[in-house]
Amino acid sequence: MYNVWVEEVADLGKVPGPEIFWMARFGEWLPLKIHVLLIVGEGRTILVNTGPPLDYLEHMNSVWREELGDQAHMTVQPSQHIETVLSRHGISCEQVDTIIVTPLQAYADGNIDKFPNAQICLSRTGWIDLCAPQFFDPRRHMAIPDRLLQYLMFRAWPERRVRLLKDEDNIAPGIRTIWVGTHHRSSLAVMVPTARGLVAFSDIVFYYENIENNHPLGIQESMEECRIAYQMLREKADIIVSPYDPSTMTRFPQGVISVATE
């Protein structure tokens, strides 16, 4: 069994309601946060996502301002820096042995270069879409900034620390990833066994109402994938954690999802 915490690492401001809820909440602006998942146990220290790159925040915000307006504006407080977040658990970046990224977006992969000993796990399907897309994507830099793409290709890859995941794969004993698509070609569900049951963390759940009310995600690439993935999560997971819902830290006070007591 593993101990699991969720931590807030950024405030994304507000986005239009239909971005979260398919064809609904028009005229509303809804808040989003950015969260990461920390998994400790069985001799492993695993981090799902790393938070946004501080040196790229202004550029990301300029893109969102142009697309959505001033309300979509990401901020990161000093207490939300990934090193500070981990230090509250007595963990250094050097102690993290595995990073799982979902989705392949700058707010999730923005600090992968701070973990020199970690294997970096990415969806193979998502990696192919990034490097060999069927259609040109002018926003590739929002998936991974040039500096971090160079780090993956010319630093982590030669060190054999980049792992491209199959659509269903095993990360550690009991911990699995399942490709779910929907949001991005790189979107995964990370499934973790805990004392409280099976925990699922996936970027296809923006708000808990998406999964609880079966209301499809607004910013999606496939309605079919969304329906299939939501059904799978409801059937398999005992606890579902949203990386974006502002109520996540309320649902899990002090970020505790499951901590086994001896």
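This briefing walks through some strands, helices and single residues of the structure above. Keep in mind that the model is predicted. We start with strand β3 and its partners, move on to a five-stranded sheet, then look at two helices, a buried arginine and the cysteines.

**Strand β3 and its two partners**

- Strand β3 covers residues 44-48, and four of its five residues are buried.
- On one hand, β3 is joined by five bridges to strand β2 (residues 29-41), and these two strands run antiparallel.
- If you want a pair to look for in β2 and β3, find L37, which stands opposite V48 in β3.
- The two strands β2 and β3 make a hairpin with two residues between them. In that turn sits E42, which has a positive phi of about 55 degrees.
- On the other hand, β3 is linked to strand β4 (residues 98-100) by three bridges, and this time the strands run parallel.
- V48 turns up again here, because V48 stands opposite I100 in β4.
- As a bit of background, strands of a sheet pair through backbone hydrogen bonds, and they can do that either parallel or antiparallel.

**A closer look at V36**

- V36 belongs to strand β2.
- Is V36 buried or exposed? Its relative accessibility is 2%, so V36 counts as buried.
- V36 and L47 are eleven residues apart along the chain, yet 7.2 Å separates their C-alpha atoms.
- Leaving out residues up to four places away in sequence, V36 touches a list of residues that includes W5, V6, L47, V48, I82 and F201.

**The five-stranded sheet**

- Five strands line up as β7-β8-β9-β10-β11 in an open sheet with mixed pairing.
- Which strands are at the edges? They are β7 (168-172) and β11 (239-241), each of which pairs on one side only.
- From one strand to the next, the twist averages 25 degrees.
- Inside this sheet, six bridges connect β9 (residues 188-194) with β10 (residues 197-202), and the two run antiparallel. M191 stands opposite A200 in β10.
- Helix α9 (residues 223-236) packs on the sheet, where α9 touches β8 (175-179), β9, β10 and β11. The direction of α9 makes about 0 degrees with that of β9.

**Helices α5 and α7**

- A general point helps here: an α-helix has 3.6 residues a turn, so residues three or four places apart point the same way.
- Which residues of helix α7 (residues 146-156) are buried? They are L148, Y151, L152 and A156.
- Seen down the axis of α7, these buried residues fall within an arc of 95 degrees, so they line one face of the helix.
- That set of buried residues in α7 is covered by elements including α4 (106-109), β5 (119-123), α5 (124-131) and β6 (162-165).
- In helix α5, the buried residues are G126, W127 and L130. They span an arc of only 100 degrees around the axis, so they sit on the same side of α5.
- The cover over the buried residues of α5 includes β5, α6 (140-143), α7 and β6.
- At the start of α5, a side-chain oxygen of S123 comes within 3.2 Å of the backbone nitrogen of T125.

**A buried arginine, R161**

- Where is R161? Look in the loop between α7 and β6.
- R161 has a relative accessible area of 8%, so R161 is buried.
- A polar atom of the R161 side chain lies 3.3 Å from the backbone oxygen of F115.
- The backbone oxygen of P116 also has a polar atom of the R161 side chain 3.3 Å away.
- Neighbours within four places in sequence aside, R161 is in contact with several residues, among them N117, Q119, I120, Y151 and A156.

**The cysteines**

- A disulfide is a covalent bond between the sulfur atoms of two cysteines.
- How many disulfides does the structure hold? Zero.
- C93 is in no disulfide, and its nearest cysteine sulfur, that of C121, is 17 Å away.
- C93 is buried, since its relative accessible area is 8%.
- C226 counts as buried too, because its relative accessibility is 0%.

Methods. Residues numbered from 1 in each chain as written. Predicted model: local features only at pLDDT ≥ 70, side-chain atom pairs only at ≥ 80, totals over all residues. Heavy atoms only, no water. Buried < 20%, exposed > 50% of the residue type's maximum accessible area, 1.4 Å probe, protein only. Pairing = 2+ DSSP bridges. Arc of directions from axis to C-beta. Contact = heavy atoms within 4.5 Å. Axes fitted to C-alpha atoms, helices over the stretch in contact; angles between N-to-C directions. Disulfide = S-S within 2.5 Å. Polar contact = N/O pair within 3.5 Å; in protein donor to acceptor, adjacent residues only side chain to side chain.
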